[in-house]
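Please open the model in your viewer and keep the sequence beside it. The tour below goes from one selection to the next and says what is there at each stop.

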Amino acid sequence: MDELIYELSAPLKGTGGDMMSRYIVGALVPTIAVSVFIVLFILIKKKKILFRIWIISSAVFSVISLAVLAFKLNAIEYFINSGKESSFIEDEYVDPVEVKLTFPKKKRNLIYIYLESMEMTYSDIDNGGGFEYNMIPELTELAKESECFSGDDKLNGAYSTVGTTWTMGAMFAQSSGLPLKTYVEGNAMSEQKTFFPEITCIGDILAKEGYYQELLIGSDAVFGGRELFFSIHGNYEMHDYGYALENKIIPDGYKVYWGYEDTKLFENAKKELLELSKKDEPFNLTMLTVDTHHPDGYVCDLCEDTFGDNKYANVIACSDKQVCEFVEWIKKQDFYKDTTVVVCGDHPTMNGGFCDGIDGDYVRKTYTAFINSAVDKRRKESIQYSSLDMFPTTLAAMGVKIKGNKLGLGTNLFSGEQTLIERLGSEELDSKLSMHSAFMDELSGIADEETKRERRLLPDANINVIEYDEAADTIAVEVDDIINVEDYDGVNATLYGPDNTVIDSKEMSVNVDRTYSCSFNIGVLQDRVGTVVIETIGKDACKVGELSGDLSLQAHESFEDYVDLLNDRENIAVLFAACGDFTAKARETDLNEFKKLGIDEKLVNQENIGFYAVRDIPALVYGAEDEEISYDGAFVGDDVKYHIESSASQGKGNCSITVDGDEYALNEEGINCVVYDYESHSVIDSACFDLNNIGNINLIGSVDMRFEDDGSAFLSVIDYSELVIWRVRAQIWDEQHYTDPVTIDFEDESFSYMYFNGKADLKDIDVKNAYIEVTCYDNNGMKHNYLDWKGDLNLLKNSFEDYLSYGMSLDDTVVLMSVKDDMFISKDDDTVQVMKENGLSDFSAIGDHEAYYAVIKKDEVLEGHGIDALYHNDEYGGMTYAIESKGWDSGYNSSIKIDGEEVSRNESGMNIVLYDTVKHAVIDSVTYRFSHMGSDSKGVFR
């Protein structure tokens with residue numbers, strides 16, 4: 001399972017042409033199938049019985065497919081374990097730095113040959129393999145003549161544990177004694193600046209002992225992070241496909257499969273070894289073959305049709321001959337007497353069907369042979385071992401004495417010590433290794449403070465100035481969403497001047513909504529420039545963040561609050577420039593904030609666009625273009641010139657905002673903002689809002705709550721994100737219980753596909769005037785938010801019918817609706833019936849991308865629809881309202897204003913507002929829509 005995730009998220013640089021073509025075919029076929037499905041779906045939808053049969057059949061097919069896939073990949077256990085924290089690796093790890101290693105007086109050379117996808121399974125049953133016939137007869141004899149740690153005349157090999165079942169994982173494990181586990185996705189290790197710099201690997205040890213080291217491969221060393229790893233750990237010389245081209249070892253432009261084939265690799269290796277043997281220092285030549293890579297390998301000129309049309313078997317048999325011929329050549333060289341040779345498979349083959357015919361109880365293991373070892377094994381019986389044990393065993397085979405006989409998680413197999421897999425068994429070992437390890441995150445070197453903070457793994461909080469009183473020169477500071485601090489009694493805020501002197505310090509007040517707030521007078525600061533530091537109080541006292549700069553504009557954690565501050569300020573101009581694909585995962589509600597500034601650009605569903613905007617009252621200019629855009633202008637009040645650039649290309653980009661020739665943009669991914677102040681005639685703030693990351697923190701989800709007569713409540717959280725979610729928690733309180741909320745911790749067994757279910761006793765909570773916060777953690781430990789809301793908990797319904805039914809049952813309530821863009825896809829029979837039951841007949845006539853509005857009063861129902869923009873204004877119950885609905889072609893907007901204030905969520909779908917005409921207050925504002933994850937994912941969203 002881990003190799004699948006690793007490879008699917010890999011960068012493409014260095015991949016073989018076959019992988020690209022297979023992925024294209026693999027994507028094209030399902031795409032065509034889905035397209036056919038959609039066409040049939042549309043054709044039969046109007047025939048009710050056929051439609052239901054179609055839906056049921058499709059659902060059954062999908063469930064069976066997912067179940068088979070999950071079973072084959074052991075996906076359920078893998079994801080359950082990956083969401084749990086474990087100290088197992090840290091507890092078992094033996095740091096080589098702390099182990100005494102004694103090299104022999106005459107140091108032995110090492111030739112380490114990784115064989116791509118080579119298993120002992122390929123031998124016949126009589127020799128310990130899994131097949132009726134032997135595809136690797138020469139390798140079989142080689143292992144028997146050498147050492148594979150068998151207790152009889154059958155082959156024995158290494159078990160591939162979690163974190164070692166793909167090439168880079170295997171090379172890492174056999175070099176370090178650790179599984180390759182990090183929260184960096186897939187083969188993206190090649191894009192990192194470092195690769196587990198804190199660990200000691202065999203390359204580090206040999207480099208310290210004066211070895212010359214070289215990595216010889218016929219593919220691109222960059223792929224998977226191989227170049228990075230072997231450069232950092234041993235300063236290996238890289239002789240890869242690119243090296244062969246540059247040094248004319250192969251003809252210009254020559255490329256087969258992943259680079260060049262193994263016949264050339266072995267010829268190059270012979271030349272290299274003859275040169276290395278002339279050096280004064282000992283050498284380590286590490287090699288990796290490639291011809292036997294899945295799915296079917298590469299057929300070179302030497303391959304025969306030994307197994308008929310079974311291409312992969314023929315390639316394996318061909319590799320068997322080439323490897324053994326190379327080893328026999330080594331044995332004839334003068335340097336052989338002082339050289340240890342290790343021949344091993346990197347991991348079991350990923351050709352899913354190749355081993356289907358073998359016995360179901362057979363345990364597949366990689367091929368292993370230690371040749372010309374300096375020591376003999378002490379144990380006579382067959383040893384159960386894994387790839388993790390290769391690290392200390394290789395050093396021992398070179399004559400190195402290892403105090404304790406353990407390095408990393410590995411055991412020296414030549415000693416009499418028990419291995420981890422013998423102590424625990426393969427299933428338990430895999431289970432423990434698949435759990436999340438903070439220890440491995442630390443060792444990876446990627447978990448620097450910036451990355452940890454971005455992934456919300458450090459103590460942190462949302463800290464914003466939510467109000468600036470220009471007349472009094474005071475700011476209101478709010479702290480919310482404190483994370484990774486377990487035990488604290490309160491929150492303290494300290495105001496510092498530019499010279500780091502304390503101006504004021506106070507304990508913040510805790511509010512009913514469980515936020516913390518306080519105010520500061522910033523009139524004593526020159527140009528309002530200072531720093532506010534926020535710290536928790538109590539057992540886990542620590543800093544959770546700070547504000548710094550012009551404090552009147554410090555709402556950098558919330559784009560909504562920042563826009564509100566900008567709207568409240570006079571005598572300023574604001575310039576925006578997008579950097580990168582800033583809309584990819586952005587929430588529509590965040591993109592709607594631009595409308596508050598008068599910027600009415602369609603940003604939803606756009607990709608890789610350049611975007612700029614200038615708000616310099618009364619002037620307002622903005623624009624967007626594919627990939628790149630720029631704009632030049634001058635401020636209305638000062639005639640100071642500015643220049644804006646914005647670009648986005650395949651998710652990456654650049655931006656620039658210069659004022660009077662000086663650069664002020666932070667040029668970080670997202671929306672970059674620069675604020676120019678007419679009073680000081682200078683730039684007073686630069687900020688950037690990564691709307692994609694905000695969207696990643698605040699997940700798409702719907703919450704459904706059901707109440708029993710005894711006051712108990714059943715809560716369901718419907719997740720529509722693409723993350724692996726665990727540890728879902730809900731907290732519910734009212735004004736009397738905000739210091740002691742009711743907590744629901746959803747246990748693992750309560751999880752089902754997309755649904756998390758829990759139960760709580762709410763009899764002491766005023767559920768009609770309550771607060772609820774629903775959060776979760778992903779399998780990397782990052783905290784996300786589903787819901788932070790106040791209101792009548794009875795309104796928490798995922799079903800449109802249930803929501804509207806309860807809303808209409810409330811006294812003195814008016815329902816206002818406005819469609820933005822497209823409710824046509826949501827217009828199923830159930831929705832149409834619900835609307836008709838509430839007197840809304842026009843909804844059934846909505847066409848594609850049409851506008852629609854409705855007002856449901858106690859004594860009257862008003863509605864309208866059409867292709868053009870719709871507007872409806874009226875007075876009712878002591879308030880005035882104005883509704884606007886625009887489809888995609890007529891403006892793409894939803895607006896519901898009550899007494900001039902915007903209350904619509906303005907998201908794609910049916911925007912609904914409930915208003916109490918007696919309390920003169922909005923009760924709720926939601927959007928009923930599809931989540932865009934399939935026809936079953938409709939819901940009421942907040």
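A residue counts as buried when its relative accessible area is under 20%, as exposed when that area is over 50%, and as partly exposed in between, with a 1.4 Å probe and protein chains only. What you are viewing is a predicted model, in which local features need pLDDT of at least 70 and side-chain atom pairs count only at pLDDT 80 or more, while totals for chains, interfaces and linings use all residues. Residues are numbered from 1 along each chain as its sequence is written, and side-chain values use heavy atoms, with hydrogens and water left out.

**The whole chain**

Begin with everything selected: of the 942 residues of the chain, 56% count as buried. The secondary structure comes to 23 helices and 47 strands, where helices (H or I, at least four residues) and strands (E, at least two) are DSSP runs numbered from the N terminus. The surface that the chain exposes is about 41300 Å², with carbon and sulfur atoms supplying 48% of it; accessible areas come from the Shrake-Rupley method with a 1.4 Å probe, and for residues only the protein chains shown count as cover. A contact means heavy atoms within 4.5 Å, and among contacts between residues at least 6 apart in sequence, 62% join residues at least 24 apart.

**Two covered helices**

Select residues 167–176 next, which form helix α7, and you will find that 10 of its 10 residues are buried; M168, F172 and Q174 are among them. Helix α7 is followed by G177, whose phi is positive, near 75°.

Then move to helix α13, residues 390–397, where 8 of the 8 residues are buried, including M390, F391 and L395. The glycine that follows α13 is G399, with a positive phi near 90°.

**Backbone details in the loops**

Now select P295, in the loop between β6 (283–288) and α12 (311–331), where the peptide bond from H294 to P295 is cis, with omega near 10°. Another cis peptide bond runs from I617 to P618, with omega near 10°, and P618 is found in the loop between β22 (609–616) and β23.

In the loop between α9 (226–232) and β5 (237–239) you can pick out N235, a residue other than glycine whose phi is nevertheless positive, near 50°. Is N235 buried or exposed? It counts as exposed, because its relative accessibility is 58%.

**Strand β24 and the negative patch**

Go on to Y631, which is found in strand β24 (residues 628–634) and counts as partly exposed because its relative accessibility is 24%. Leaving aside neighbours within four places in sequence, Y631 is in contact with Y612, V614, V621, Y642, H643 and I644. Of these partners, H643 is 12 residues from Y631 along the chain, and the C-alpha atoms of the two are separated by 5.9 Å.

With β24 still in view, select E625, D626, E627, E628, D632, E645, D660, D662 and E663, which gather in a patch of negative charge on the surface. The elements that give two or more residues to this patch are β23 (619–626), β24 and β27 (662–663). Patches are made of residues with over 30% relative accessible area and no salt bridge, like charges being joined within 9 Å; Asp and Glu count as negative, and the place of a charge is taken as CG of Asp or CD of Glu. In strand β27 you will find E663, which is partly exposed, with a relative accessible area of 42%.

From there, step to N667 in the loop between β27 and β28 (670–677), where phi is positive, about 55°, although N667 is not a glycine.

**Salt bridges**

The last selections are salt bridges, each a side-chain nitrogen of Lys or Arg within 4 Å of a carboxyl oxygen of Asp or Glu; the count comes to 33 by this rule. One of them joins the side chains of D504 and K506, at 3.6 Å from N to O, and here D504 is partly exposed at 28% relative accessibility, while K506 is partly exposed at 26%. In the bridge between D704 and R706, the closest N and O atoms are 2.9 Å apart, with D704 buried at 10% and R706 partly exposed at 36%.

Finish with E907 and R905, whose side chains meet at 2.8 Å, N to O: E907 is buried at 5% relative accessibility, and R905 is buried at 18%. Salt bridges that share partners also join K106, K337 and D338 into one network.

How values were computed
Patches are made of residues with over 30% relative accessible area and no salt bridge: like charges are joined within 9 Å, nonpolar side chains (Val, Leu, Ile, Met, Phe, Trp, Tyr) within 5 Å.
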